Amino acid sequence: MKGKLVGMNGDRAVAYAAKQAKVDVISAYPITPQTIIVETLAEYVNNGELDAAFIPVESEHTALSAAVGASLAGARVFTATSSQGLALMYEILWIAAGLRAPIVMAIGNRALSPNINIHCSHDDAYAARDTGWLQFFAENVQEAYDLTLMAFRVAEDERVLLPTIVNLDGFILTHALEGLYVLEDAEVDAFLPKRKPINPIDPKNPKTYGPLDFTDWYMEHKRLQFEVYQKVGGVVREVFDEYEKLTGRHYQPVKTFNVEGADKAIVILGSSAGTARFAARKLAEKGMKLGVVSLTQYRPFPVAELRKVLESFDVVAVLDRSVSFGSPGNQLFMDVSTALYSSKKRPILVNVVYGLGGRDFTPLHVERIYAALEEVQRKGEAPEESLWVGLREG
Amino acid sequence: MSEASSFVLKSWREMPPGGIIPVPKTSLLNKTGTWRALKPVINQAKCIRCLMCWVHCPEPAILRGEDDSVAVDYDYCKGCGICANVCPVHAIEMVPEG
């Protein structure tokens with residue numbers, strides 16, 4: 001593994017990546033479990049390690065507003081948030097994406113209130129899924145560091161120019177100390193040279209940003225924006241490949257484990273993919289094959305890649321760390337169902353809710369899911385309702 | 001082609017990214033007629049020059065001639081259809097744009 005081995009928690013690893021990316025502007029409001037990210041960056045700026053403008057704002061709404069302005073002015077911009085903080089940014093999320101303002105934002109994934117809970121759910125990431133931001137999910141601290149660096153490359157690519165979220169599970173990754181390999185500053189400089197903005201804000205050549213756009217042009221602008229996302233997958237792959245050459249660490253939008261010869265699989269996001277893989281190894285010792293499919297790239301949703309992987313299974317459990325109230329399925333389940341709908345061979349899908357608000361998700365839960373998949377396979381029928389694992393029943 | 005009409009883009013493919021207007025101008029050049037989905041067409045043969053449309057047009061986008069004949073200023077007509085609605089002889093028809 002290339003790089004220098006250090007020990008950091010997820011938040012510090014993200015802050016270190018942002019520092020090595022030589023961000024020009026950090027605009028942020030602290031919120032648990034992301035706080036350490038902006039605290040660390042504030043330290044870097046304060047002690048002279050990082051030459052950046054640190055804007056301490058009074059709310060996340062302002063944090064993102066300032067980030068949009070700085071990005072349009074041509075700066076390399078970073079911010080971070082969690083849960084309610086992201087909710088407070090919501091209207092500006094749309095504006096950042098619509099104005100094609102590259103910004104990298106880390107989300108320490110956390111449950112939305114009520115009741116107040118600072119631990120991990122994916123409510124916040126899912127809430128941003130339609131806003132036009134690109135989204136990556138880190139599985140461990142190493143990935144949180146790597147994906148933050150790669151996010152700048154993708155976001156600022158001329159063919160993309162879109163704000164990008166790096167998700168890392170609250171506390172599970174944000175506060176967990178892990179060993180990780182970091183690049184030398186010079187290597188990062190070569191991978192991520194100074195941003196070259198296209199047509200930035202210029203007082204000598206004024207432009208109008210975000211004008212009134214009624215029935216005459218609004219739809220055309222949305223179509224133009226829609227078009228960009230078709231190209232993002234290709235750029236992401238290029239960046240993943242280049243990063244692999246630099247570090248030896250292989251990234252792909254859809255990560256697979258143990259899928260060869262398995263007829264059952266689970267699809268999962270974030271840190272729990274490691275738990276699922278551990279459980280799949282245990283199950284394999286008992287002769288039970290369970291494929292594990294995890295998504296590094298969540299938006300744009302890697303439809304073609306996922307379809308190719310999942311078509312070969314009989315039954316697939318889609319795990320959601322969130323609930324979409326009153327909807328026909330939870331968020332990732334709806335994405336996967338839609339992606340598979342036009343496939344020639346479709347597995348039976350089972351939606352599983354797990355780990356809400358930081359509830360433990362253990363290999364035993366994965367074994368329970370495997371048993372449920374066996375039963376669905378035997379009956380040949382999809383269950384109507386989602387299965388909740390780790391819930392106190394009775 | 002006037003300076004203003006050079007802003008009129010035909011298709012989404014021709015638009016600058018991010019919805020940015022690269023050359024901002026004053027509101028005089030903001031030809032609000034592009035908001036229109038339906039366009040009023042006056043049948044001059046039926047028109048009795050009562051000027052009801054001219055009186056009721058909220059913009060005003062009905063142009064009044066010296067002889068009280070009327071025409072539509074399509075640069076500013078938003079297609080609300082009030083003129084067609086108040087015309088006592090049904091001389092104005094609202095037809096879909098483009």
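The lining of the largest cavity divides into 13 nonpolar residues, no polar residues and 1 charged residue. The model is predicted. In total, 14 residues line this cavity. B:Cys47, B:Cys50, B:Cys53, B:Val70 and B:Cys87 lie nearest its centre. Its volume is about 100 Å³. A search of the whole structure returns 2 cavities of 30 Å³ or more.

The second largest cavity holds about 40 Å³ of space. Its lining comprises A:Phe137, A:Ala138, A:Glu139, A:Glu143, A:Lys255, A:Leu269, A:Gly270, A:Ala273, A:Ser294, A:Leu295 and A:Thr296. These residues divide into 5 nonpolar, 3 polar and 3 charged. At least three of them come from each of domain 1 (4–247) and domain 2 (254–388) of chain A.

Chain A is divided into these two domains, domain 1 (4–247) and domain 2 (254–388). Their C-alpha centres lie 28 Å apart. Contact between the domains involves 27 residues of domain 1 and 29 residues of domain 2.

The second largest pocket also draws on both domains of chain A. Each of domain 1 (4–247) and domain 2 (254–388) supplies at least three residues of its lining. The space in this pocket is about 440 Å³. Its lining consists of 19 residues. A:Arg129, A:Gly132, A:Phe226, A:Tyr229 and A:Arg299 lie nearest the centre. By class, the lining divides into 9 nonpolar, 5 polar and 5 charged residues. Helix H9 (218–247) and helix H12 of chain A each contribute at least two residues. The largest share, 5 residues, comes from H9(A).

Helix H12 spans residues 331–341 of chain A and contains A:Asp335. The relative accessible area of A:Asp335 is 13%, so this residue is buried. Beyond its neighbours within four places in sequence, A:Asp335 is in contact with A:Tyr298, A:Arg299 and A:Phe301. One of these contacts, A:Arg299, is also among the residues nearest the centre of the second largest pocket.

Strand pairing was examined next. Strands of a sheet pair through backbone hydrogen bonds, in either the parallel or the antiparallel sense. In chain A, 6 strands form an open sheet with the order S9-S11-S10-S13-S14-S15. Pairing in this sheet is mixed. Strand S9 (254–257) and strand S15 (387–388) of chain A stand at the edges. Each has a single partner strand, so one side of each is left without a neighbour in the sheet. For S9(A), pairing with strand S11 (residues 290–295) of chain A is antiparallel and extends over 4 bridges. Within this pair, A:Val254 stands opposite A:Leu295 in S11(A). A:Leu295 also belongs to the lining of the second largest cavity.

A:Lys4 lies elsewhere in chain A, in strand S1 (residues 4–9). With a relative accessible area of 46%, A:Lys4 is partly exposed, because that value falls short of the 50% that an exposed residue must exceed. Leaving aside neighbours within four places in sequence, its contacts are A:Leu180, A:Tyr181 and A:Val182. A:Val182 is 178 residues from A:Lys4 in sequence. In space, the C-alpha atoms of A:Lys4 and A:Val182 are 5.3 Å apart.

Chain B contains 2 helices and 4 strands. From the N terminus on, its elements run β-α-β-β-α-β. Of its 98 residues, 30% count as buried. Contacts within chain B were also examined by sequence separation. Among those between residues at least 6 apart in sequence, 63% join residues at least 24 apart. Chain B also supplies B:Cys47, B:Cys50, B:Cys53, B:Val70 and B:Cys87, the residues nearest the centre of the largest cavity.

Key. Residues numbered from 1 in each chain as written. Chains lettered and ligands numbered in written order. Predicted model: local features only at pLDDT ≥ 70, side-chain atom pairs only at ≥ 80, totals over all residues. Heavy atoms only, no water. 1 Å grid on protein atoms, 1.4 Å probe; cavity = no way out; pocket = protein on both sides within 12 Å on 5 of 7 lines; lining within 4 Å. Points joined across faces, edges and corners; volume = space filled by probe spheres on them. Nonpolar A, V, L, I, M, F, W, Y, C, P; charged D, E, K, R; others polar. Domains from an automatic or database assignment. Buried < 20%, exposed > 50% of the residue type's maximum accessible area, 1.4 Å probe, protein only. Contact = heavy atoms within 4.5 Å. Pairing = 2+ DSSP bridges.
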